[in-house]
Amino acid sequence: MNSRPIQAIVNRDAMRHNISLIKSLAGSAKVFAVVKADGYGHGLSRIFPALSQIDGFAVIEMDAAAFLREQDARRPILLLEGVFSSEELSLAADLQLDLVVHNIEQIALLEKCELSYPFHVFLKINTGMNRLGIKVDEVMQCYQVLCSLPAVERVTAMTHYAEADSPRGVDWQNAQFLEAIGSLVVPACKSNSAALFRFGPNEESWVRPGIALYGASPMTDVSASSLGLKPVMTLKSGIIGVQEIGIGERVGYGGTFTANQHMKIGIVAGGYGDGYPRSMPNGTPVIVDGIRTCTVGRVSMDTLAVDLTDVPTGNVGSTVVLWGEGLPVDEVAQNAGTIGYELLTRLTARVPVFCSD
Ligand SMILES: *Cc1c(COP(=O)(O)O)cnc(C)c1O
């Protein structure tokens, strides 16, 4: 039985390649694979088999942590936002999770709990991103309180870089980090993908790359392939209709594209209902039968239109790559004013996903 031709392919071999590159950059630092948001939209259970060389996992969601613990009894699993209640704290103990602690309320939860499992706590320091984390001048006191608690076995100092991918870099935050920890001899966990690829591990025991695992670029001005990364997800579909149009004819809702020559238009099974953003403008690149062409007109829920005028074989049944192999997700994303991360994580549930090894 034939079905609607859209599908995503998750290439685990590409992921293994990216992981060995990441491991070589990390040197002696251990690597948490950041697999939040269902493995950046790839499906945690799909990518898990490719993660055997990884030292630990970092997630936001408790159900993802539980899934990982079921698969792996031993490797560390870090909750990147920590826990939100006493109930979650005892669940975290049952699952032997590592905890980020980023506010005073989470320290209070650890203080009043009576759990026999002593946690490895990652004390998150706000070194300038001003998102989550303890203020630099309160870190020492928090550290001392944490170390005194029976529910805490050890503490690693953590921070997150805000501008690792841009000119300001990481030094300014590292200075704050050092000020916060003072003379403490404490392991550190700092780098995301951008920091790791630009600066290498920064005197830390653990690094936390996410996007690089999936073969997209952490930097807007550097391509994934120039970093040596291979795309893990390819979103492809097919042409399900063809229209020949003349000069002055328009395409799609709102008629936002007008032909200025005779054109062959291909209708692709794929739209914002599948996770291909409606904000993609005319001229966004696609590959049809191996030939690079572009979108025309507005993306609708189930279809989008592409220019087949210069694709001689273009017809119903032609294959269309929307992003992935041969067409970096970052490049596609840039057209819609977003980043690869967002396209990967917004693939919708109706798109069938297949794995290749
Ligand atoms: C998502 C996340 C990462 C991974 O960032 P990438 O840019 O995908 O490498 C690392 N640390 C924290 C705290 C995160 O939330």
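This note goes through a predicted model of one protein chain, point by point.

1. Overall build. The protein chain has 357 residues, of which 53% count as buried. Its secondary structure comes to 11 helices and 19 strands. Taken along the principal axes, the C-alpha atoms fill a box of roughly 75 × 45 × 35 Å. Of the contacts between residues at least 6 apart in sequence, 64% join residues at least 24 apart.

2. Domains. The chain is divided into domain 1, residues 12–216, and domain 2, residues 233–356. Their centres, taken over C-alpha atoms, are separated by 37 Å. Each side supplies residues to the contact: 10 from domain 1 and 10 from domain 2.

3. Main core. The largest nonpolar core has 110 residues, and Val35, Leu110 and Trp323 are those with the most contacts inside it. Both domain 1 and domain 2 give residues to this core, so it lies between them. There is also a second, separate core of eight residues, which includes Phe257, Met263, Ile265 and Val296.

4. Surroundings of Val35. Leaving aside neighbours within four places in sequence, Val35 is in contact with Leu44, Ile47, Leu51, Phe57, Ala58, Val59, Leu68 and Tyr214. One of these, Phe57, also takes part in a ring pair, described under point 6.

5. The Phe32–Phe122 pair. The count of aromatic pairs comes to eight. In one of them, the rings of Phe32 and Phe122 have their centres 5.6 Å apart and their planes at 65°; an angle over 60 degrees counts as edge-to-face, so this pair is classed that way. The two residues come from distant parts of the chain, 90 residues apart: Phe32 is in strand S2 (residues 30–34) and Phe122 is in strand S6 (residues 119–126). Phe32 and Phe122 are both buried. Ring pairs link these two residues with Trp206 into a cluster.

6. The Phe48–Phe57 pair. This aromatic pair is tilted, with 5.8 Å from centre to centre and 35° between the planes. Phe48 is buried, as is Phe57.

7. Charges over rings. Two cases can be pointed out. Arg168 lies over the face of Trp172, at 3.7 Å from the ring centre. The charged end of Lys190 sits over the ring of Phe177, 4.8 Å from its centre.

8. Tyr143. This residue is found in helix H7, residues 139–148. With a relative accessible area of 16%, Tyr143 falls under the 20% limit and is therefore buried. Not counting neighbours within four places in sequence, Tyr143 is in contact with Leu123, Val155, Leu184 and Val186. The C-alpha atoms of Tyr143 and Arg154 are 10.0 Å apart in space, while the two residues are 11 apart in sequence.

9. Cysteines. A disulfide is a covalent bond between the sulfur atoms of two cysteines. The structure holds zero disulfides. For Cys142, the closest cysteine sulfur is that of Cys147, at 11 Å, which is too far for a bond. Cys142 counts as buried, at 7% relative accessibility. Cys355 counts as partly exposed, at 34%.

10. Ser300. This residue is found in the loop between strand S16 (291–296) and strand S17 (303–307). Despite the loop setting, is Ser300 buried or exposed? At 14% relative accessibility, Ser300 counts as buried. Leaving out residues up to four places away in sequence, Ser300 touches Tyr253, Gly271 and Tyr272.

11. Positive phi values. Two residues deserve a look at the backbone. Asp38 is not a glycine, yet has a positive phi of about 55°. Asp38 lies in helix H2, residues 36–40, and is partly exposed, with a relative accessible area of 45%. Gln96, likewise a residue other than glycine, has a positive phi near 55°. Gln96 is found in the loop between helix H5 (86–94) and strand S5 (98–101), and counts as partly exposed at 39% relative accessibility.

Notes: Residues numbered from 1 in each chain as written. Predicted model: local features only at pLDDT ≥ 70, side-chain atom pairs only at ≥ 80, totals over all residues. Heavy atoms only, no water. Core = buried A, V, L, I, M, F, W, Y, C linked by side-chain atoms within 4.5 Å. Buried < 20%, exposed > 50% of the residue type's maximum accessible area, 1.4 Å probe, protein only. Domains from an automatic or database assignment. Contact = heavy atoms within 4.5 Å. Phe/Tyr/Trp six-rings, centres within 6.5 Å; stacked < 30°, edge-to-face > 60°. Helix = DSSP H or I, 4+ residues; strand = E, 2+ residues; numbered from the N terminus. Lys NZ or Arg CZ within 6 Å of the ring centre and 35° of its normal. Disulfide = S-S within 2.5 Å.
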